[in-house]
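Student: Could you take me slowly through one part of this model and explain how you read it?

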Amino acid sequence: MNFDSFPNLILEDETVLLRPLLETDLDNLLDFSINEPDTWKYSLVRANGKENLEKYIQIALAARERKIEFPFIVFDKKSGKYAGSTRFYDINVAHKTLQLGYTWYGAAYRGTGLNKHCKFLLLQFAFETLEVERVEFRADNDNKRSIAAMKSLGCKEEGVLRNHMRYHLIKCVS
C-alpha cells in the first residue's frame with residue numbers, strides 16, 4: 001500500500017474523474033467555499049470562505065506529503081465542472097487500513113449519483129490495487145445526509161464514537 005507509486009493517480013469512469021488535489025484548485029472550488037458555507041457544518045476542518053479554503057487545501061497537501069492522506073478533486077464529466085473533493089486518510093500501512101472521507105460536493109451535485117461513482121472508483125482502487133483489508137467511513141452522528149449516503153453504498157454502522165476527538169481542531173475564520 002504505497003501511494004508513491006501513483007503520484008499522478010487518476011481514477012475515472014464515464015461520469016466522474018478524480019485526480020490529486022493541487023494548490024491551484026483553490027480557483028476550482030472557491031465558488032462553493034464562498035456561496036455554500038453550510039457544506040462544512042459537520043467538518044473537522046472547514047473550508048467556508050477563501051481563507052479557510054486555502055488552509056483546507058494546505059492541510060490536505062501537507063498530509064499527502066506526510067503520506068497519511070491522499071486528497072482528490074472531483075470533476076463531474078456530465079456538467080464539465082468541478083464538484084467537490086474527497087480523500088483517503090488515516091492511511092495505516094501496517095494494518096492495511098484506511099479511511100475514505102472528507103467528502104463534500106456542491107449542492108447541485110448532491111443526490112445525483114456522483115458520490116456512488118466516486119466511492120466505487122475509490123473502493124475499487126483501495127481493495128484491488130492497494131490491497132487494503134478494511135476501508136472505514138465516519139460521519140458526525142448528526143450528519144444524517146452523510147450517514148444515509150454511506151448506508152446507500154452498503155456500509156454497516158458499527159457504532160458511535162463519543163468524545164474521541166475535539167470538534168474543529170483547526171481554527172478557521174468564520
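Tutor: What follows is a close look at helix 2 and what surrounds it.

This is a predicted model, in which local features need pLDDT of at least 70 and side-chain atom pairs count only at pLDDT 80 or more, while totals for chains, interfaces and linings use all residues. Residues are numbered from 1 along each chain as its sequence is written, and side-chain values use heavy atoms, with hydrogens and water left out.

Helices here are DSSP runs of H or I with at least four residues, strands are runs of E with at least two, and both are numbered from the N terminus. Helix 2 covers residues 50-65, and because the expected span is 1.5 Å times one less than the number of residues, its 16 residues should span 22 Å, which agrees with the 23 Å between its end C-alpha atoms.

Along this helix, Asn52, Leu53, Tyr56, Ile57, Ala60, Leu61 and Ala63 are buried, where buried means under 20% relative accessible area with a 1.4 Å probe, counting protein chains only. These residues lie on the same side of helix 2, because they cover an arc of only 170° around the axis, the arc being that of the directions from the helix axis to the C-beta atoms. An α-helix has 3.6 residues a turn, so residues three or four places apart point the same way.

The cover over the buried residues of helix 2 includes helix 1 (26-35), strand 3 (69-76), strand 4 (81-92) and strand 5 (97-105). After helix 2 comes Lys67, whose phi is positive, near 65°.

Notes
Buried means under 20% relative accessible area, exposed over 50%, partly exposed in between (1.4 Å probe, protein chains only). Contact means heavy atoms within 4.5 Å.
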